[in-house]
Amino acid sequence: PAETRGKSKFVTMDASGTLEFHPHFDDAFTELFTTISDTTHVVFNDSRVVKARCVVTSKDRSAFELLFLHPVDTNPATALSSPAVGQRWRAMLRTSAVAGSEFAQGAGGVKVERVVSPWIEEGEEDGVDCEVSISPGAAEPDLIMSDYFA
């Protein structure tokens, strides 16, 4: 979203499917409606971003960043509306974990099932690109994945 409300921009798609910035790209969102025809199909994006970045702790209580990228075995919409327990997600974990490593997250936890590659980012702690499985705590065995990110 635009930093200033009402300053959103448009992208257009012509009949051949080519995407480009709207010719009045610098116009404010509200002014654009005066420049498009009555037959123009306008699509509003009402999507939400999940808070997929969290902090996990190791058994020695060290805290690490965990960024969930996407579910491994299903599409995101299905995963987010399904029970979290047992789901596998591709994630970035900012520590040098190995398969079998377990971390607490809230009342539940995550287990590294597979390390895919190193995660090296200049100016940041190194970590791993990995697959993790979700294990919500005993208090919330039916937790839906979208609520896991809340």
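**Salt bridges, aromatic pairs and the nonpolar core**

A salt bridge joins the side chains of Arg94 and Glu121, with a nitrogen-to-oxygen distance of 2.9 Å. Because Arg94 belongs to the loop between β5 and β6 (102-105) and Glu121 to the loop between β7 and β8, this pair ties together parts that are 27 residues apart in sequence. The two partners may be described by their accessibility. Arg94 has a relative accessible area of 11% and is therefore buried, whereas Glu121, with a relative accessible area of 36%, is partly exposed. The structure under discussion is a predicted model.

In the whole structure, a search finds six salt bridges. One of them is formed by Glu65 and Arg53, whose closest N and O atoms are 2.0 Å apart. This pair links distant parts of the chain, since Glu65 is in strand β4 and Arg53 in strand β3, 12 residues apart. The relative accessibility of Glu65 is 19%, so this residue counts as buried, the cut-off being under 20%. Arg53, by contrast, counts as exposed because its relative accessibility is 51% and the cut-off for that class is over 50%. Arg53, Glu65, Arg94 and Glu121 are joined into one network by salt bridges that share partners.

A further salt bridge is found where the side chains of Arg90 and Asp129 meet, at 2.6 Å from N to O. Arg90 lies in strand β5 and Asp129 in strand β8, so parts of the chain that are 39 residues apart in sequence are tied together by this pair. Asp129 has a relative accessible area of 11% and is therefore buried. In general, side chains of opposite charge can pair when their charged atoms come close.

The nonpolar residues were examined next. The largest nonpolar core holds 26 residues, and the members that touch the most others are Phe68, Leu93, Val110 and Tyr148. Two or more residues of this core come from each of the strands β3 (53-57), β4 (63-71), β5 (88-93), β7 (108-119) and β8 (127-135), and from helix α3 (145-148). As a general tendency, nonpolar side chains in soluble globular proteins are buried together.

Phe68 illustrates how such contacts are distributed. When residues up to four places away in sequence are not counted, Phe68 touches Ala52, Cys54, Trp89, Arg90, Ala91, Val110, Val132, Ile134, Met145, Tyr148 and Phe149. One of these contacts, Ala52, lies in the loop between α1 (29-32) and β3. Ala52 counts as buried because its relative accessibility is 11%. With the same exclusion of residues up to four places away in sequence, Ala52 touches Leu66, Leu67, Phe68 and Phe149. Ala52 and His70 are 18 residues apart in sequence, and their C-alpha atoms are 9.4 Å apart in space.

Phe68 also takes part in aromatic pairing. The count of aromatic pairs comes to three. In one of them, the rings of Phe68 and Trp89 have centres 5.8 Å apart and planes at 90°, so the pair is edge-to-face. Phe68 lies in strand β4 and Trp89 in strand β5, and the pair therefore ties together parts that are 21 residues apart in sequence. Phe68 and Trp89 are both buried. A second edge-to-face pair is formed by Phe68 and Tyr148, with 6.0 Å from centre to centre and 90° between the planes. Because Tyr148 lies in helix α3 and Phe68 in strand β4, this pair ties together parts that are 80 residues apart in sequence. Tyr148, like Phe68, is buried. Through ring pairs, Phe68, Trp89 and Tyr148 are linked into a cluster.

Nonpolar side chains are also found on the surface. Val11, Met13 and Leu19 form a nonpolar patch there, and together these residues have about 330 Å² of accessible area. Met13 belongs to strand β1 (residues 11-13). The relative accessibility of Met13 is 58%, so this residue counts as exposed.

A feature of the backbone concerns Arg61, which is found in the loop between β3 and β4. Phi of Arg61 is near 75°, a positive value in a residue other than glycine. With a relative accessible area of 71%, Arg61 is exposed.

Notes
Residues numbered from 1 in each chain as written. Predicted model: local features only at pLDDT ≥ 70, side-chain atom pairs only at ≥ 80, totals over all residues. Heavy atoms only, no water. Core = buried A, V, L, I, M, F, W, Y, C linked by side-chain atoms within 4.5 Å. Buried < 20%, exposed > 50% of the residue type's maximum accessible area, 1.4 Å probe, protein only. Helix = DSSP H or I, 4+ residues; strand = E, 2+ residues; numbered from the N terminus. Contact = heavy atoms within 4.5 Å. Salt bridge = Lys/Arg side-chain N within 4 Å of Asp/Glu carboxyl O. Patch = residues over 30% accessible without salt bridge, like charges linked within 9 Å, V, L, I, M, F, W, Y side chains within 5 Å. Areas by Shrake-Rupley, 256 points an atom, 1.4 Å probe, with all protein chains shown as cover. Phe/Tyr/Trp six-rings, centres within 6.5 Å; stacked < 30°, edge-to-face > 60°.
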